[in-house]
Amino acid sequence: MALEIEIARKAFPLASGGERVIFGGISLSVAEGAVVALLGPSGCGKSTLLRIVAGLDHAFAGTVRNDARTIGMAFQEPRLLPWRTIADNLRLAAPALTDAGMREWLAAFELAGHEGDVPGQLSLGLARRAALARAFAVGPDLLLLDEPFASLDRALHRRLRDLLAARIDDEKSTARKITALIATHDIDDALLLADEVIFLGGAPARILGRLPIAAPRGARDEELTNLRRLAARFQVIGAPENAKSEHA
Amino acid sequence: MTRILSLGLFLALWQIGAWSFGPHYLPTPLAVGSTVLAEARTGDLGFNLGATLARVLAGFTLAMVAGSLIGLALGRNEALDRLLDPWLVIVLNTPALVVIMFAYIWGGLNEISALAAITLNKLPSAVVTVREGARALDPGLDEMARVFAFSRWRRWRHVLAPQLAPFFAAAARGGLALVWKIVLVVELLGRPNGVGFKMNEAFQLFDLKLLLAYALPFVALMVLAETFVLRPAEHAASWWRRYGA
């Protein structure tokens, strides 16, 4: 499914009165089956964009054409039901999930053995994996991932990123077309996961540039330095000092 | 173990008190015990205890159901809350006695007036507690349920009810203690049976043995309900918190 986003204006009221304009005219179309990374500094409006696409925020001027039947979403926090086991959390979101399907998704995110645990028993890394497994388990045609690796240690971050890249490739190899939007502030996440990186920045946020990446996900590690150089054209991001002044 | 010791100490102090003040001021535990047995044998105790218990259960159930519904509505709807909050404060601060008297004067000395008075007295505190629960609902989980297209029933059963359960349990626990005290006053003022009615009779006769013979079994019953029903229910309502979520 394709995605057409046209936001003329989106603003949040401020506690002090007045408002902060997040988007003052932004348009974006995502082709069916594309994996797109939204890359920008924290607070630039990536989450807001995902929430608008997910249909959670209607208070904006503009239109979003989104004919996804099933959305799988991973929020910045895991947002699992703390009073249900991991298996039940998956099953509640994906009622059609078979037992075999359940085992498959738990195994895919290395959660085997944790299906009977409640979220409070899990570390943050495990809880994030469970949230990702839930997003995939619903069999989405649109996948929305909001900072899927935030606040994880670096080793876990890398492993989870590799897991996610493998799952995206697996899904793409099937007949189903899964369109994905991944919001991240980490340039390597964007370069390693996406078919196209969209650079966001400024206040109100605008699209600073788009970088398509043709190389297969599995073979990008060696090319990362090259990709980073390409990305530097749009840059702001990746150079934290710039990003900060841009944000301020 | 400590509880049993504590109860034993209480009985001992009571006995010492009875000895030093004399039976006109404080009957001995044994005398009260034999009055309880005598009243039980005539069937009076069971009948009046039953009548009071039925009123407690009916009033408690009505107040919990109505209070929960109103509390949920107020917690979810800010405009309604602003409109009705002053009323709530007024009812909350009206003495139970005033409500009971009005109920009897308007509705007559009958069972319906009694029940209305009991329910109205308990209602506002149930509303306030459940309203807190409705306000404290996690918007993040609500969004999750919307994105994953949870059905209405599924959202209620798995997302909302578990969040509200501790508040329902707290309202119930606080409610029972309040309701049974109010029921006694309601009975004392205008009912021909029940523990409150018997207490009034005992008071007229200055019969401390009879007073205690009705008070103690009823207190014991309420303590049992609290210990074996309501406290476990409250504990069960938030079992998952013990995993430090």
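## Aromatic pairs and charges over rings

Across all chains, a search of the whole structure turns up eight aromatic pairs. This is a predicted model, and the contacts below are best read with that in mind. In chain A, ring pairs tie A:W105, A:F109 and A:F136 together into a cluster.

Two charged side chains also sit over rings. The charged end of A:K10 is placed over the ring of A:F12, 4.5 Å from its centre. A:R79 lies over the face of A:F75, with 4.2 Å to the ring centre. Both A:K10 and A:R79 return below as salt-bridge partners.

## Salt bridges in chain A

Let's turn to the charged pairs: the structure holds 31 salt bridges over all chains. One of them joins A:D57 to A:K10, with the closest N and O atoms 3.0 Å apart. This pair brings together distant parts of the chain, 47 residues apart: A:D57 belongs to the loop between α1 (46–54) and β5 (61–66) of chain A, while A:K10 is in strand β1 (residues 3–13) of chain A. Are these partners buried or exposed? A:D57 is buried, at a relative accessible area of 7%, and A:K10 is buried too, at 2%.

A second bridge forms between the side chains of A:D141 and A:R69, at 3.3 Å from N to O. Here again distant parts of the chain are linked, 72 residues apart, with A:D141 in the loop between α4 and β7 (142–146) of chain A and A:R69 in the loop between β5 and β6 (71–74) of chain A. The two ends have contrasting surroundings: A:D141 counts as buried at 9% relative accessibility, whereas A:R69 is exposed, with a relative accessible area of 75%.

## A bridge at A:R79 and a network in chain B

A:R79, the residue over the face of A:F75, also meets A:E77 in a salt bridge of 2.8 Å, N to O. A:R79 is buried because its relative accessible area of 17% falls under the 20% cut-off. A:E77 is partly exposed, at 38%.

Over in chain B, salt bridges with shared partners connect B:D81, B:D85, B:R131, B:E132 and B:R135 in one network.

## The cavity

How many cavities of 30 Å³ or more are there? The count comes to one, and the largest cavity holds about 40 Å³ of space. Its lining consists of A:A74, A:F75, A:P78, A:R128, A:A131, A:L132 and A:P148; A:F75 is the ring that A:R79 lies over.

By class, six of the lining residues are nonpolar, one is charged and none is polar. Helix α4 (residues 124–137) of chain A supplies the largest share of this lining, with three residues.

How values were computed: Residues are numbered from 1 along each chain as its sequence is written. Chains are lettered from A and ligands numbered from 1 in the order in which they are written. This is a predicted model: local features need pLDDT of at least 70, side-chain atom pairs count only at pLDDT 80 or more; totals for chains, interfaces and linings use all residues. Side-chain values use heavy atoms; hydrogens and water are left out. Rings of Phe, Tyr and Trp (its six-membered ring) pair if their centres lie within 6.5 Å; planes under 30 degrees apart count as stacked, over 60 as edge-to-face and the rest as tilted. A charge sits over a ring if NZ of Lys or CZ of Arg is within 6 Å of the ring centre and within 35 degrees of the ring normal. On a 1 Å grid over the protein atoms alone, a cavity is a set of points where a 1.4 Å probe fits but cannot get out, and a pocket is an open set with protein on both sides within 12 Å along at least five of seven lines; lining residues have an atom within 4 Å of a point. Grid points are joined across faces, edges and corners, and a volume is the space filled by probe spheres set on the points. Helices (H or I, at least four residues) and strands (E, at least two) are DSSP runs, numbered from the N terminus. Ala, Val, Leu, Ile, Met, Phe, Trp, Tyr, Cys and Pro count as nonpolar, Asp, Glu, Lys and Arg as charged, and the others, Gly among them, as polar. A salt bridge is a side-chain nitrogen of Lys or Arg within 4 Å of a carboxyl oxygen of Asp or Glu. Buried means under 20% relative accessible area, exposed over 50%, partly exposed in between (1.4 Å probe, protein chains only).
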